[in-house]
Number of protein chains: 2
Amino acid sequence: MAKKRVGKETVAFTTPPVLLGTATIAGPKEGKGPLGSYFHEVKSDLMMGKSSWEQAEVYLFEQSVQHLLDAVAVPLDLVDYLVGGDLLDQIMTTNMAARTLQRPLLGLYGACSTSTESLFVASTLLDGGFADHVVVATASHHNTAERQFRYPTELGVQRKETQTWTATGAGAFMLASEGVGPRITHATVGTVVDLGIKDPNNMGAAMAPAAARTIKQHLVDTGRTFADYDLILTGDLGRIGLPLARDLLEQEKVSVPKDRLADCGIMLYESEDQDVHSGGSGTACSALVFGSYLYRQLLSGDLNRILLVATGALLSPTTFQQGESVAGIAHAIAIEMLKGR
Amino acid sequence: MAKKRVGKETVAFTTPPVLLGTATIAGPKEGKGPLGSYFHEVKSDLMMGKSSWEQAEVYLFEQSVQHLLDAVAVPLDLVDYLVGGDLLDQIMTTNMAARTLQRPLLGLYGACSTSTESLFVASTLLDGGFADHVVVATASHHNTAERQFRYPTELGVQRKETQTWTATGAGAFMLASEGVGPRITHATVGTVVDLGIKDPNNMGAAMAPAAARTIKQHLVDTGRTFADYDLILTGDLGRIGLPLARDLLEQEKVSVPKDRLADCGIMLYESEDQDVHSGGSGTACSALVFGSYLYRQLLSGDLNRILLVATGALLSPTTFQQGESVAGIAHAIAIEMLKGR
């Protein structure tokens, strides 16, 4: 068996890659949420001085990387790879931003799980001896996703209570083979799970089974329990999906302490006042929450070991129109402050 | 510098991953082309017994992997990762096929460069000690791409002479850390290049600069010349893009012997009779050509060392409508029959 494998579907990094720094840019709604003060920049409008929402999304991606480079003082030409993705068809946000950034690009698509998919690929490049610095970035924009996946944004179609709100923002991460900071120690890449949910307005329910599967697999492979993590944090399950994931885990005899399981989509917005219904989602959602508040909690010692489990709903307007159900996927990344590093 | 890096943007694998086997399934037009007898299966119609072209594309992806597993006698549960992509929005072909195949999935998007992007990611997983077996697969379908990127397929809009024909088919590859077969020794991941081509019907011209950049970077990094390769094979430049790439290389003082540079998009179809205009393209194009004819040429000893440089045109209907130019990207993979292995 490959030397870095642990159990059936998990890997343990030999020299755990370091998260040297992060940068997050949030849209106006996200800036007014409970994590507003933790973002590196909050934009006051959705156009950001550009002539389309899509161009604004490209700007978010590029600017998050620029902020990151400033924050960690690593020049762009020392970045060996840029790894990331977004929600738009042909991941054009990432491709257009990479046209400006001019570094070797690996574009990924895992819907809202792209953040941890990218962190996994970046970590293997570093621990495998292929790179010294890798930038991971993801972005999404509410108004571009809305008109691509659903209805013309300006129509203002009434949203269902089960829907999540696609986050506007971007998160960028500098991973390095050496340095000081939280380290990525383990990863469990997910398998597509489809329990037959056909409602594209209930992505939390569609993704919950994938989140539960990946969390359980990770715990079985590593011999850990929820008690070994200060927090296990799912991506964008929201207020509908998170209790479903909890139920599925408990059906599988995984004990879930109430204070150890949380969800980025719930944390990003105020539940009462911000009218996001089930919570937040989007490629930026978990990147915004992890790259701001949680990263600082790790640095401050308030958290020591977390498992970030970004979740993706695998659907397109075409698959919906052709009657396909909405499959889900979730990738888990264990992040720790290691003593003596 | 990371120990496996060579020059600025190339990596050399320490234990070069082995291509244990390949499987290719081609559509009817591809089956009638010059490589028809080399494909593992040729389908006689574009629907393949399914109720939509998109479902046929999913079938092509799944079946190529099934053929591959049969050919190399590796059971599915020994496959550590499935890595691949396709051209459809949200890479739904790959996601739907992975729902059936039930292995940990890394979905990538690099347009028609996805085949070598995936071979790179798979090789780093193997050489990095994260996996023993990785399946790489890509698929495309002429009729799904046509209606997604251009016009309703049934309209039969007249095609421009500069256009390429999206290939129908799928190619799957079994990469392993041990075994007998051609090995992936080096890889150069590409950077997005955009010289301002705005015509979405001339993707060869849009991708040629990226191909030339990646080839030159690879040769500089490795200290090799064209003479060190039996063949350098671009992805889907076609009859318009290939001479442009040659010109760009020669402007950069890279000597290009006439018989050492070829293009998968030109090789896949008969130039005179098959009405494909500039040549072939699509995520399946380079996978079909490399996985069939070229792989056998390596096994037979007719070729010993090749550089496969799949090329991707980075555009979407949205970016075209918003006036963006068509950027390109190209990733190079060196494949060799190593003596004594």
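These are my notebook entries on how the two chains are related and on how two helices of chain B pack, all read from a predicted model.

**Entry 1: the two chains.** I began by laying chain B on chain A, and I found that a turn of 180 degrees with a shift of 0.0 Å along the axis does this with an RMSD of 0.0 Å. I therefore wrote down the relation as that of a two-fold axis. I then looked up the contact residues, and noted that 100% of those of chain B recur in chain A, so the same surface serves both copies.

**Entry 2: helices α2 and α5 of chain B.** Next I turned to α2(B), residues 53–72, and α5(B), residues 142–149, which pack at an angle of about 130 degrees with their axes 8 Å apart. Because angles from over 115 up to 145 degrees fall outside the perpendicular and antiparallel ranges, I recorded α2(B) and α5(B) as oblique to each other. I also noted that α2(B) passes α5(B) in a left-handed crossing. On the side of α2(B) the contact is made by B:W53, B:E54 and B:E57, while α5(B) brings B:N143, B:T144 and B:R147. Sorting this contact by class, I listed one nonpolar, two polar and three charged residues.

**Entry 3: the surroundings of α5(B).** Is α5(B) mostly covered or mostly open? I found that α5(B) is mostly covered, with seven of its eight residues buried, and these are B:H142, B:N143, B:T144, B:A145, B:E146, B:Q148 and B:F149. Lastly I looked up what covers these buried residues, and among the elements of chain B that do so I listed α2, β7 (133–140), β8 (165–166) and α10 (317–321).

Notes:
Residues numbered from 1 in each chain as written. Chains lettered and ligands numbered in written order. Predicted model: local features only at pLDDT ≥ 70, side-chain atom pairs only at ≥ 80, totals over all residues. Heavy atoms only, no water. Least-squares fit on C-alpha atoms with pLDDT ≥ 70 in both. Contact = heavy atoms within 4.5 Å. Axes fitted to C-alpha atoms, helices over the stretch in contact; angles between N-to-C directions. Helix = DSSP H or I, 4+ residues; strand = E, 2+ residues; numbered from the N terminus. Parallel < 35°, antiparallel > 145°, perpendicular 65-115°, else oblique. Left-handed = near helix turned anticlockwise from the far one by under 90°. Nonpolar A, V, L, I, M, F, W, Y, C, P; charged D, E, K, R; others polar. Buried < 20%, exposed > 50% of the residue type's maximum accessible area, 1.4 Å probe, protein only.
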